[in-house]
Amino acid sequence: MDLDAKIAELKAAFEKDAATVPAEQLKSRYLGREGRVRDLFVLLKSVPPEQKGAAGQKLNGIKAEFERRVEELGRTKAVAAAAGALDLTLPGRAPEFGRRHPIYSTWDAIGRVFMKLGFDVVYGPEIETEANNFEALNIPLDHPARDGFDTFYVEPPYLVRSHTSPVQIRTLRSRKPPIRVIAPGKVFRPDKPDAGHSPMFHQVEGLLVGPGITFAHLKGVLDLFAKSMWGPATSIRFRPSYFPFTEPSAEVDVSCFICGAKGCPVCKGSGWVEILGSGMVHPRVLENCGIDPEANTGFAFGMGVERIAMLKYGIPDIRRFTENHFAFLKQF
Ligand code: PHE
């Protein structure tokens, strides 16, 4: 076989190996002291003297080419290793498991209590109309909550809802009594962020409407809710309050479940913590939605999920929920 054919054969073998064999091995296999290029140089001896010069040049050429290729391959591998692309000698990395965000696990816990009582879960949009967020809820134009300061406007008549109460309106218009729903969701208010305020937070709205519903039903449902969430020793109290869409209205406190109502920093020594606003649905709200207030009455409530989660887990600052610090989120 002549030298040219042998060189061509060697080149083909090298190309094949270059795809799979590591650079160092390739180097010793082809360029080493007992390598395959060397084997060809040995053949030079049998080449006629007048052809020796040209043959030697050819062999030096292939040697130089292989050296260049081996060096190139080594460099590519070093770059890949530096980029962490593929180092099969490293131990495997265990995947991190995702967890439920504390807001959503609190939301689930609240939902479970009301679902057991037969409440449906309904949702409304975060972009609402002034009509649903205010007018239909009997919040007049001159009410302070209508101030640009308390609501993010998109472009009139659209705004970003400042509470989940507009879902009451949507539900009263789309369902016939008896109505029994909770409506969880995000709400937005242009408050300066601090330990207790966040421009976005979560509420769960509750609404129950039907013939003969009274304040006693509201008390019964909320008492059961508090006992289910914080244990049978929990009690609740109602403080008279004002909301334009409920009459009468009340703010509801639960006995402090941190200190057992003895007084601690969470309840500021009072033994009670406020958890929600509530009341009997205002007759004008029912009328606005085409429901006869003579035939039906109802109650509504709205609670802040962050507040309940902060109390449940002892979280001192509402901003923790949205900072996405893994060390914080990992605890739940
Ligand atoms: N929407 C009220 C708020 O955000 C809470 C509320 C809901 C009060 C339903 C009464 C009835 O403060």
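Which residues does Leu276 touch, not counting residues up to four places away in sequence? Keep that in mind as you open the viewer. One caution before you click: this is a predicted model.

**Stop 1: Leu276**

Select Leu276. You are in strand β9, which runs over residues 272-281. Now show what surrounds the residue. Leu276 touches Leu222, Ala250, Glu251, Val252, Phe301, Gly302 and Met303, with residues up to four places away in sequence left out. Is Leu276 buried or exposed? Its relative accessible area is 2%, so Leu276 is buried. Next, add Val204 and draw a C-alpha to C-alpha distance. The two residues are 72 places apart in sequence, and the line between them spans 9.5 Å.

**Stop 2: the ligand**

Stay with Gly302, a contact of Leu276. Gly302 also belongs to the ligand's surroundings. There are 14 residues around the ligand, and the nearest are His163, Ser165, Arg189, Gln203 and Gly302. Select them one by one.

- Ser165: an N or O atom in this side chain sits 2.9 Å from a nitrogen atom of the ligand.
- Arg189: look for a polar side-chain atom 3.0 Å from an oxygen atom of the ligand.
- Gln203: here too, a polar side-chain atom is 3.0 Å from a ligand oxygen atom.

How much of the ligand's accessible area does the protein cover? On its own, the ligand has 320 Å² of accessible area, and the protein covers 89% of it.

**Stop 3: aromatic rings**

Colour the aromatic side chains. The whole structure holds 15 aromatic pairs. Start with Tyr30 and Phe66. Their ring centres are 5.6 Å apart and their planes meet at 85°, so this pair is edge-to-face. Tyr30 sits in helix α2 (residues 23-31), while Phe66 sits in helix α4 (residues 49-82). The pair links distant parts of the chain, 36 residues apart. Tyr30 is buried, at 0% relative accessibility. Phe66 is buried as well, at 1%.

Now move to Phe299 and Phe301. The ring centres of Phe299 and Phe301 lie 6.5 Å apart, with the planes at 25°, so the pair is stacked. Both residues are buried. You have met Phe301 before, as a contact of Leu276. Widen the selection to see one aromatic cluster: Phe114, Phe119, Phe225, Trp230, Phe257, Phe299 and Phe301.

**Stop 4: the cysteines**

How many disulfides does a search of the whole structure find? The count is zero. Select Cys264 to see one case. The nearest cysteine sulfur belongs to Cys259, 3.7 Å away. A disulfide needs the two sulfur atoms within 2.5 Å, so Cys264 is in none. Cys267 is in no disulfide either, and its nearest cysteine sulfur, that of Cys259, is 3.7 Å away. Cys264 is buried, with a relative accessible area of 13%. Cys267 is buried too, with a value of 3%.

**Stop 5: Gly210**

Finish at Gly210, in strand β6 (residues 200-210). Gly210 counts as buried, at 3% relative accessibility. Which residues is Gly210 in contact with, leaving aside its neighbours within four places in sequence? They are Pro177, Pro178, Asn296 and Thr297. Last, zoom out and add Arg33. Gly210 and Arg33 are 177 residues apart in sequence, and 97 Å apart in space from C-alpha to C-alpha.

Methods
Residues numbered from 1 in each chain as written. Predicted model: local features only at pLDDT ≥ 70, side-chain atom pairs only at ≥ 80, totals over all residues. Heavy atoms only, no water. Buried < 20%, exposed > 50% of the residue type's maximum accessible area, 1.4 Å probe, protein only. Helix = DSSP H or I, 4+ residues; strand = E, 2+ residues; numbered from the N terminus. Contact = heavy atoms within 4.5 Å. Near = heavy atom within 4 Å. Polar contact = N/O pair within 3.5 Å; in protein donor to acceptor, adjacent residues only side chain to side chain. Areas by Shrake-Rupley, 256 points an atom, 1.4 Å probe, with all protein chains shown as cover. Phe/Tyr/Trp six-rings, centres within 6.5 Å; stacked < 30°, edge-to-face > 60°.
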